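Visitor: Please take one part of this structure and go through it closely. I would like to see how that part relates to the rest.

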Amino acid sequence: MTLPIVSTLSNLLTSITTKSSESDVEKNLVLPLLHILDYEDEDWHEQMIIGRVRLDFQVQPQQAVTPYPPYLVIETKAPSKNINRSGWQINGYMRRSGAILGLLTNGYRFRLLYNYHGQVETIQEYSQTELIKKFNFFRSLLCKNSCLKVISAFYKSQDKVHVNFLKLIAKKISDEDILNIFTNKNKPGYRDINPEEKSSVVQLKKSKSMIITVFNNKGGVGKTTMTINLGAALSKMGYRVLLIDIDPQANLTTGLKIDPLTDVEYKDRKDITHLLTEPKTPIEETIFSKKWDNVRLDIVPSHIRLSDMEIELSRIIDVDRILAKKLKKYQDQYDYVFIDPPPSFGKVNNISLMASSAILIPTQLAPYPIRALEYVINRAVAVDNSREDPLPILGICVSMYDRAATKQTLDMTERIREILGKKPESKNLSLFPDKTWIPRLTIVANSPDKGYPLCFAEFDNQLNTREKETAEDAFSCYTELAKYLISIT
Ligand SMILES: Nc1ncnc2c1ncn2[C@@H]1O[C@H](COP(=O)(O)OP(=O)(O)OP(=O)(O)O)[C@@H](O)[C@H]1O
Ligand SMILES: [Mg+2]
């Protein structure tokens, strides 16, 4: 990058302060930036109304092939606003307008988005320093010359150009996952692509699924809510996810809008009880596949009758291993399987743990749940000792913490560390880093009634702007948790 551009860009960035307004970001940063990218004033439209919302910038040079949608849309926020809460707006603009690229910025963070047939994903996010470092790529992607070239190529063959363009971006940012996210046929939740594209697709490495029981005998610590949204975050990243509801309360089932009576029983479909008691019923006969935009979750539903089945279950030979045996056949079909058990130490908990390759322990930062931790760890260690394969505990993750209660947070994390410290068998066991902690938020508490993972809130017209922002904020915590989980598994 030439020096004058570096210094111009640095000057523009230093003009932004925490006190700047959204219009300061537009005037002092975005407009000059568009000029640096070689656009002229008539190449963009400001404050476009799309649907019921207002878009800050739509970049569509007059020379571009006209019937084609805009190349780039830009949404600006004030620096005081967290862009993690505002993605739903630009995602909506991009889907409605068909824009290929999106830029969301508050002057400090710069998020680049790509729209592949309505599937909008982040391809890169930069801080100011990273933007300066990566400006060559940023400029080559967003500049007018690229815009005109890509738009005219799109006019001729949309799909081919999409794939080639994505391949180029993936190569430039050395991240093949970008291509996977949009085009991997093997992963659920994504559109089919044509045969020509298939050959260029990077295939998922075949590997065994990670089967995780989200375990804590203390009731109401957020196991089910975490299972649903963690699963959704992993699916959004392109992983294949199966959720197994083995809790007679069937909260996971109903929380994803599957009614154990009307959707399962009255339709003669099978659920977890059939899976556990009928040796010949394979998992696929019990699966419900649900899709919310680009998230797909396969779900084995539960049923209240599971609560009366302890005796029936104990009569089945080798019942503890029944789920483990059935899941074995699906090792290649899912990247992550999450089992959501009831808050007890009953038979079904044993069945879940015996089927798992690891345990995740969620806890609230409150005295009772923390006291329960010791028992949970003991139980996990006991099951570990009774198995041939080890059953590692991935760690303790935090659900429903109070963002305002700093003192309580410190006290409680200290207590957790003490508990972990005094257990020799848990020497490798740790509390997950605080960026993965899930805050207590009303939008999360209300989500079971909605019947969708939180990432789908952006499509819910019954929610207001604030609610959508909070849902996005909450989901970004589940995404951090998912990323951390990937890093340790
Ligand atoms: N981050 C959160 N913020 C606010 N409320 C939450 C959050 N996570 C979960 N809840 C709410 O807390 C309650 C308990 O959550 P959840 O059902 O997920 O816990 P659980 O551990 O699965 O319970 P159980 O032990 O009964 O299975 C629910 O009403 C849920 O909506
Ligand atoms: Mg539950």
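Guide: What follows is a close look at one helix, then at the ligand beside it and the chain around it.

The model is predicted. The helix is α10, which covers residues 223-236. Its length can be checked with simple arithmetic: at 1.5 Å a residue, its 14 residues should span 20 Å, and the C-alpha atoms at its two ends are 20 Å apart, so the expected and computed spans agree. As for its surroundings, α10 is mostly covered, with 14 of its 14 residues buried. After the helix comes G238, which has a positive phi, near 105°.

α10 also takes part in the surroundings of ligand 1. The shell around this ligand holds 20 residues, and the closest are K223, T224, T225, P343 and A445. The largest share of that shell comes from α10, which supplies three residues. Another helix, α19 (442-445), supplies at least two. Sorted by class, the shell consists of nine nonpolar, eight polar and three charged residues.

Now for the whole chain. α10 belongs to a protein chain with 21 helices and 13 strands. A compact globule of 489 residues would have a radius of gyration near 23 Å; the chain has 25 Å, which agrees with that expectation. Along its principal axes, the C-alpha trace spans about 75 × 55 × 40 Å. Over the full 489 residues, 43% count as buried. Of the contacts with a separation of 6 or more, 69% are between residues 24 or more positions apart.

How values were computed
Residues are numbered from 1 along each chain as its sequence is written. Chains are lettered from A and ligands numbered from 1 in the order in which they are written. This is a predicted model: local features need pLDDT of at least 70, side-chain atom pairs count only at pLDDT 80 or more; totals for chains, interfaces and linings use all residues. Helices (H or I, at least four residues) and strands (E, at least two) are DSSP runs, numbered from the N terminus. The expected span of a helix is 1.5 Å times one less than its number of residues. A residue is buried if 20 or more other C-beta atoms lie within 10 Å of its own, exposed if 12 or fewer, and partly exposed in between; C-beta atoms are placed from the backbone. A residue is near a molecule or strand if its C-beta atom, placed from the backbone, lies within 6 Å of it. Ala, Val, Leu, Ile, Met, Phe, Trp, Tyr, Cys and Pro count as nonpolar, Asp, Glu, Lys and Arg as charged, and the others, Gly among them, as polar. The radius of gyration is taken over C-alpha atoms; the globule rule is 2.2 Å times the number of residues to the power 0.38. Two residues are in contact if their C-beta atoms, placed from the backbone, lie within 7 Å.
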